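I open this notebook to record what I looked up, one topic at a time, beginning with the surface and ending with charged pairs.

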Amino acid sequence: MFATRSICVSRNARPTISRSHVSQRVNQRQSSTLNPQAKNATQTENRPFKIVEMTVEEEQKRLDAAPKTVSPHLTIYAFPLPAITSITHRITGVGLTLGAAGVAGLSLFNPDALIPVMDYFGNSSALRPLAKFLVTFPLAYHTIFGIRHLWWDATAKGLELKDVYSSTYGLFGATAAVTAGVMLL
């Protein structure tokens, strides 16, 4: 009912079927560049591909047996600073959304449960700075970098790469200052 045959194209093999229009054009180009007198000669023995008809199962076995190499792109690629800030901006936005939804859901379904949680974090000397950081850093980062994006959208200034880098360093400093200021309260 369905096709159970596939076509495999492999390099470095002799042709087993007649030439198509495309391979004729390729052979004409190859022969004209290599031998100008052989423009009309047939070049069936120099074609680089072989078309072999095989079943789907044979094709799958051939693909499974092929070596699978992994590119080292993840280990050698260094993200540029604007990409890192964009990714961090998105992560902080998702974190703030999930945190706000969690607090809202907790207070919606059990309004009395939020007070003991806040007391626990507030009375613990080890967890208080961590809780402040987990709330303040994403809020400060997302707000400050969001203001920069609003500035860019409104004025279209500061979009040169050197300006982006310098504003990013300044905004990292502002985020660190706001976070440290709130954590010291």
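Where does Tyr77 lie? I am reading a predicted model, and in it I placed Tyr77 in the loop between helix H3 (73-76) and H4.

**Entry on the nonpolar patch.** I then looked up the surface patch to which Tyr77 belongs, and I noted that Ile76, Tyr77, Phe79, Ile84, Ile87 and Ile91 form this nonpolar patch, with about 640 Å² of accessible area together. When I asked which element gives the largest share, I found helix H4 (residues 81-109), which supplies three residues of the patch.

**Entry on the salt bridges.** Turning to charged side chains, I counted two salt bridges in the structure.

One of them joins the side chains of Arg62 and Glu59, with a distance of 3.0 Å from N to O. Both residues lie in helix H2 (residues 56-65), where they are three residues apart, about one turn of the helix. I also checked how far each partner is covered: Glu59 counts as buried because its relative accessibility is 15%, under the 20% cut-off, whereas Arg62, at 38%, counts as partly exposed.

The other salt bridge is between the side chains of Lys162 and Asp163, at 3.4 Å from N to O. Here I noted that Lys162 counts as exposed because its relative accessibility is 64%, over the 50% cut-off, while Asp163 has a relative accessibility of 26% and therefore counts as partly exposed.

Notes
Residues numbered from 1 in each chain as written. Predicted model: local features only at pLDDT ≥ 70, side-chain atom pairs only at ≥ 80, totals over all residues. Heavy atoms only, no water. Salt bridge = Lys/Arg side-chain N within 4 Å of Asp/Glu carboxyl O. Helix = DSSP H or I, 4+ residues; strand = E, 2+ residues; numbered from the N terminus. Buried < 20%, exposed > 50% of the residue type's maximum accessible area, 1.4 Å probe, protein only. Patch = residues over 30% accessible without salt bridge, like charges linked within 9 Å, V, L, I, M, F, W, Y side chains within 5 Å. Areas by Shrake-Rupley, 256 points an atom, 1.4 Å probe, with all protein chains shown as cover.
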